[in-house]
Amino acid sequence: MGGVTSSMAAKFAFFPPNPPSYKLVKDEATGISVLDPFPDRENVDVLRIPTRRGNEIVAVYVRNPMATSTLLYSNGNAADIGQMYELFIELSIHLRVNLMGYDYSGYGQSSGKPSEHNTYADIEAAYKCLEESYGAKQENIILYGQSVGSGPTVDLASRLPRLRAVVLHSPILSGLRVMYPVKRTYWFDIYKNIDKISMVKSPVLIIHGLICTFFWGEEVKCNPTTGPRASMGTNDDVVNCSHGKQLWELCQEKYEPLWVKGGNHCDLELYPEYIRHVKKFISTVEKTPSRRNGSRRSTDGIEQLRQSTDHYEPPRRSMDQRDKPRRSTDTREKPRKSTDTREKPRKSTDRPPRLKFHEYTKFNSIDKLEKLKVSLDRMERMERSRRSVEYHDKSSRSNDQQLEKGRKSVDWLDRIRAD
């Protein structure tokens with residue numbers, strides 16, 4: 001059932017030019033592919049890019065030597081890159097960007113059949129080519145989606161958080177909402193931009209005309225706030241401008257939208273304000289540091305600070321700062337002030353400061369205790385010496401007594417012998 005519904009949706013969503021507006025010709029001498037009938041340009045590459053779904057899409061890459069950004073353009077549902085070729089050249093020149101445009105599967109000379117999921121694989125392949133073949137970084141890439149091209153653009157942008165910017169030209173809320181004013185998203189709907197736009201973290205510019213052509217060719221003034229009067233029919237190929245207004249309201253990082261007065265779905269590029277506004281937007285995002293990158297750098301800095309505090313040794317760090325002043329932030333100025341206060345005692349060593357009363361009492365008591373301790377030690381030593389003298393006296397007296405006893409015993413023996 002899902003496959004049948006997707007096939008029916010594809011019939012309403014995709015109108016590839018038949019026959020294609022160009023032919024792909026390969027130069028036998030150089031092996032370089034060119035778009036016939038367009039002249040070969042030195043700054044334009046024609047590529048064949050394989051996709052993850054087994055198809056091979058045709059793309060053109062336009063170089064601008066002054067560019068700092070690369071624009072990846074997803075066009076509407078009724079054009080191929082042959083019809084868009086001259087516009088790509090003009091946009092690259094006036095916006096000063098490198099630009100890649102590509103044909104969806106089943107469009108132009110690309111293989112396969114057009115479908116929602118094939119377009120997702122197509123834009124992924126083109127983006128991968130920009131990174132791998134041309135060295136483009138995510139931070140320098142701008143995704144541009146026109147009409148149905150807003151579907152693959154929003155889908156990819158919702159998965160790339162560091163993109164430089166996104167431009168949505170006459171975007172759709174979803175495939176089903178182009179035909180019917182439904183209030184909810186159904187499982188069989190395609191290109192559900194209304195559910196994905198809030199996940200885009202990059203600055204978003206939305207461009208839409210204020211005259212919308214509806215079913216049966218009816219033309220009504222479109223108020224971007226309330227939207228136009230709804231009409232019913234089956235051959236509508238133009239998007240209600242209220243789609244752009246609702247998507248703008250759901251964006252995380254909004255940029256001033258461009259509502260082109262008198263513009264319809266397919267001619268907004270012809271208005272002077274179109275190129276001025278897009279150029280201003282690109283200039284702004286190129287000059288202004290991305291808050292997403294800034295927050296990432298700041299969290300890295302916090303993590304580095306956290307790691308440094310884990311190994312922080314206050315005495316050693318303060319000594320290092322005294323010996324080698326560092327170019328540090330304001331947060332490291334405090335230790336420098338503390339070192340100044342530590343220098344004062346060293347400067348005042350020749351002239352001791354006057355002590356306060358409680359300090360004097362403290363030191364006076366310590367002095368008395370020291371003196372008492374010395375006197376006690378002296379008395380103890382005297383007592384020990386006295387005891388040792390007395391011991392020697394006692395031992396000498398006992399020796400004298402023993403000698404006296406020995407003398408008396410000798411005298412007693414002499415008397416016995418005499419008798």
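**Exercise 1. Contacts along the chain**

Among contacts between residues at least 6 apart in sequence, what percentage join residues at least 24 apart?

*Solution.* Start from the contacts in the chain between residues at least 6 apart in sequence. Of these, 65% join residues at least 24 apart. The structure is a predicted model. Its chain has 419 residues, and 40% of them count as buried. The secondary structure comes to twelve helices and 13 strands.

**Exercise 2. Two helices that cross**

Describe how helix α2 and helix α8 are arranged, and state which residues make the contact.

*Solution.* Step 1: locate the helices. Helix α2 covers residues 81-95 and helix α8 covers residues 272-287.

Step 2: take the distance and the angle. The two axes come within 10 Å and cross at roughly 55°.

Step 3: classify the angle. Angles under 35 degrees count as roughly parallel, and 65 to 115 degrees count as roughly perpendicular. The crossing angle therefore makes α2 oblique to α8.

Step 4: give the handedness. The crossing of α2 past α8 is right-handed.

Step 5: list the residues. From α2 come Leu91, His94 and Leu95, and from α8 come Tyr274, Ile275, Val278, Lys279 and Ile282. By type, the residues of this contact are six nonpolar, one polar and one charged.

**Exercise 3. Tyr22 and Lys26**

Decide for Tyr22 and for Lys26 whether the residue is buried or exposed, and describe the surroundings of each.

*Solution.* Step 1: place the residues. Tyr22 sits in the loop between α1 (2-13) and β1 (23-26). Lys26 belongs to strand β1.

Step 2: apply the cut-offs. Buried means under 20% relative accessible area, and exposed means over 50%. Tyr22 has a relative accessible area of 2%, so Tyr22 is buried. Lys26 has a relative accessibility of 58%, so Lys26 is exposed.

Step 3: look at the contacts, leaving out residues up to four places away in sequence. Tyr22 touches Leu35, Asp36, Phe38, Val58, Asp80, Ile81, Gly82, Asp103, Gly108 and Gln109. For Lys26, the residues touched are Gly31, Ile32 and Ser33.

Step 4: add the distances. Tyr22 and Leu35 are 13 residues apart along the chain, and their C-alpha atoms are separated by 6.2 Å. Lys26 and Asp36 are ten residues apart along the chain, with 9.7 Å between their C-alpha atoms. The side chain of Tyr22 also makes a polar contact with the side chain of Asp103, at 2.6 Å.

**Exercise 4. The start of helix α4**

Which residues does the side chain of Ser150 reach by polar atoms, and is Ser150 buried or exposed?

*Solution.* Step 1: place the residue. Ser150 is part of helix α4, which covers residues 150-157.

Step 2: judge the accessibility. The relative accessibility of Ser150 is 0%, so Ser150 counts as buried.

Step 3: find the polar partners. The Ser150 side chain reaches the backbone oxygen of Ser147 at 2.6 Å. It also makes a polar contact with the side chain of Asn193, at 3.1 Å.

Step 4: complete the list of contacts. Apart from neighbours within four places in sequence, Ser150 is in contact with Gly145, Leu168, Pro171, Ile172 and Asn193.

**Exercise 5. Backbone angles that stand out**

Identify two residues with positive phi and two cis peptide bonds, and say where they lie.

*Solution.* Step 1: recall the usual case. Most residues other than glycine have a negative phi, and most peptide bonds are trans.

Step 2: take the positive phi values. Ser147 has phi near 55° and lies in the loop between β7 (141-146) and α4. Tyr191 has phi near 50° and lies in the loop between α5 (175-179) and α6 (193-196).

Step 3: check accessibility. Ser147 counts as buried because its relative accessibility is 6%. Tyr191 counts as buried because its relative accessibility is 1%.

Step 4: take the cis bonds. One joins Asn18 and Pro19, with omega about 5°. Pro19 is in the loop between α1 and β1. Another joins Asp36 and Pro37, with omega about 25°. Pro37 is in the loop between β2 (33-36) and β3 (44-50).

Terms used:
Residues are numbered from 1 along each chain as its sequence is written. This is a predicted model: local features need pLDDT of at least 70, side-chain atom pairs count only at pLDDT 80 or more; totals for chains, interfaces and linings use all residues. Side-chain values use heavy atoms; hydrogens and water are left out. Axes are lines fitted to C-alpha atoms, for helices over the stretch in contact, and angles run from 0 to 180 degrees between N-to-C directions. Helices (H or I, at least four residues) and strands (E, at least two) are DSSP runs, numbered from the N terminus. Angles under 35 degrees count as roughly parallel, over 145 as roughly antiparallel, 65 to 115 as roughly perpendicular and the rest as oblique. A crossing is left-handed if the near helix is turned anticlockwise from the far one by less than a right angle, and right-handed if clockwise. Contact means heavy atoms within 4.5 Å. Ala, Val, Leu, Ile, Met, Phe, Trp, Tyr, Cys and Pro count as nonpolar, Asp, Glu, Lys and Arg as charged, and the others, Gly among them, as polar. Buried means under 20% relative accessible area, exposed over 50%, partly exposed in between (1.4 Å probe, protein chains only). A polar contact is a pair of N or O atoms within 3.5 Å; within protein, one must be able to donate a hydrogen and the other to accept it, and residues adjacent in sequence count only if both atoms are side-chain atoms.
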